[in-house]
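I opened this notebook to record what I looked up about aromatic rings, nonpolar cores and one buried polar side chain. The entries follow in the order of the look-ups.

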Amino acid sequence: MLVLLGSLFACTVAQAEAATPASLEQQFQSALTEYNAARYPEAAAHLEPLAVKLPQNFEIHELLGLTYGVQSRTAEAVEQFQAAVRLKPDSAAARTNLATALLHQGKSVEAEQQCHKALELDPADYEAKHNLAEIYLASSRLADAVPLLEQAQRLRPAAYGNTYDLALAYLLTGRVAEARQQAEGLAAGQDTGERHNLLGRIDEKEGRFLEAAREYETAVRLDPSEDNLFVWASELLLHRTYEPAIQVFEHAVERYPDSPRLRIGLGMSLYSRGEYERSIASLLAASDLSPRDPRCYLFLSKAYLSSPNQAADVIERFRRYAELEPANALAQYYYAISLWKGRRLENPTVDYARVESLLKQAIALDDTLPEAHLQLGILYNEQHEYAKALPQYQRALELDRNLPDAHYRLAQYYVHAAQKDKAQDEFELYKKLQSQHQAQVDKERAEVQQFVVATTGTSSAKP
């Protein structure tokens, strides 16, 4: 969770130096008045000519950096804070301000360096501790983040953003009871959507799924953000309450029509409910919003195999994905399957050479894709090239012993080869795996959960 520039600045802007001429002193004071009244463009208008006339004045650069920062003029803020640090390299506050600006600019390495220098100058600098912890959280360095967040909390127990971050860090490190204590303590200062979102995640971790859904619903009521809507709908989807999940995703898509993950979530919910054509339409829209996003193509391939009525549109999206990602084995695999499986309803002729080439390309890029080997074997079988099919079936099962169709196809091969006992063994394995429906349900739920975890947005808590 990255903080907004300007929200962490704690430095007190001093008056201009005594040697400054009276008119310039008055201009600086006018700028300070405008800044304190939140009239930032007016403050900048006073400060910009001052920075030219007095390039060695620390306070002018510092206040101008703050003024640019709260207007999201990040590059200009960084320039001013760098000038301030050059003038006063021993100012912990100046380095903290520079670190915050660099962090907002996405330069986390440089920001981390400035935070360390600020803490060397002032070990009790709350802003430096909190900012450095934010950097560690963003890079998943949780063991480094937690002590800093705890120290920052001792300095400012009522700081909302730091308490939120500490609760989140505790949750991510498995200290669930402590996470709940911190999250519940936030209510005294500010009851927010993201707080209830976090409480929902804590309930989810403890297996309190009904309570989690209620927290997510409360989060949406307080703050109908894209992230809160996504998390609530995803919670419903994870626990296979498909109709409510579809309703929440549909509402979310209406509110945020340009969100790929919401359209993917809607497509997944519709697929799980058996509404394949509507699922495909939603996933196609997601792929158009984010053509390189690999997440929608997995679920698009599933829905498409169940309802290949939109073959031309689906094939076009898989073709585009394969061309955008030529080094992606799954991209080539999906394109191959779409060309092969989808055209059968409208055109029984298949360009086997093209499909074979794409499957081989996928295997060359990643030899550990069991489905690619299986489908290549099936392709050879359809062309009556049985000897070439056998090693592909065997490799698929070497990679995944629980592929029912691979056992079935291998059994068929053994029947053709008059190896009755081997064929019987493979048929028995196929029947056993087919009866294990729960394994497939768990696999699909894991795919959904992976999607949810990978696409849940970060919080926007304030410091």
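The entries below concern a predicted model.

**Entry 1. Aromatic pairs.** I began with the ring pairs, of which the structure holds 11. I took F230 and F249 as one example: their centres are 6.3 Å apart, their planes meet at 65°, and the pair is edge-to-face. I then looked up where the two rings sit in the chain. F230 belongs to helix α13 (residues 226–238) and F249 to helix α14 (residues 242–255), so the pair links distant parts of the chain, with the two positions 19 residues apart in sequence numbering. Are these two rings buried or exposed? I noted a relative accessible area of 0% for F230 and likewise 0% for F249; the cut-off for buried is under 20%, and therefore both count as buried.

**Entry 2. A second pair and a cluster.** Next I turned to Y413 and Y414. Their ring centres lie 5.7 Å apart; the planes are at 65°, which is over the 60 degrees required, and so this pair is edge-to-face. Both Y413 and Y414 are buried. I also recorded a cluster in which ring pairs link Y297, F318, Y321, Y333 and Y334.

**Entry 3. Charges over rings.** Which residue lies over the face of F230? I found R261 there, at 4.5 Å from the ring centre. F230 thus appears twice in my notes, in the pair with F249 and under R261. For W340, the residue over the ring face is K341, at 3.9 Å from the ring centre.

**Entry 4. Nonpolar cores.** I looked up the largest nonpolar core and found 71 residues in it. L300, V355 and L359 have the most contacts inside this core. Helix α19 (residues 329–341) supplies the largest share, 9 residues. I followed V355 further: with neighbours within four places in sequence left aside, V355 is in contact with A336, L339, W340, V350 and L379. One of these, W340, is the residue whose ring face lies under K341. Apart from this core lies another, of 59 residues, and I noted L66, A101, A145 and L199 among them.

**Entry 5. A buried polar side chain.** My last look-up was N162, which is placed in helix α9 (residues 160–172). N162 counts as buried because its relative accessibility is 0%. Which side chain does N162 join in a polar contact? The partner is H130, and the contact is 2.9 Å.

Terms used:
Residues numbered from 1 in each chain as written. Predicted model: local features only at pLDDT ≥ 70, side-chain atom pairs only at ≥ 80, totals over all residues. Heavy atoms only, no water. Phe/Tyr/Trp six-rings, centres within 6.5 Å; stacked < 30°, edge-to-face > 60°. Helix = DSSP H or I, 4+ residues; strand = E, 2+ residues; numbered from the N terminus. Buried < 20%, exposed > 50% of the residue type's maximum accessible area, 1.4 Å probe, protein only. Lys NZ or Arg CZ within 6 Å of the ring centre and 35° of its normal. Core = buried A, V, L, I, M, F, W, Y, C linked by side-chain atoms within 4.5 Å. Contact = heavy atoms within 4.5 Å. Polar contact = N/O pair within 3.5 Å; in protein donor to acceptor, adjacent residues only side chain to side chain.
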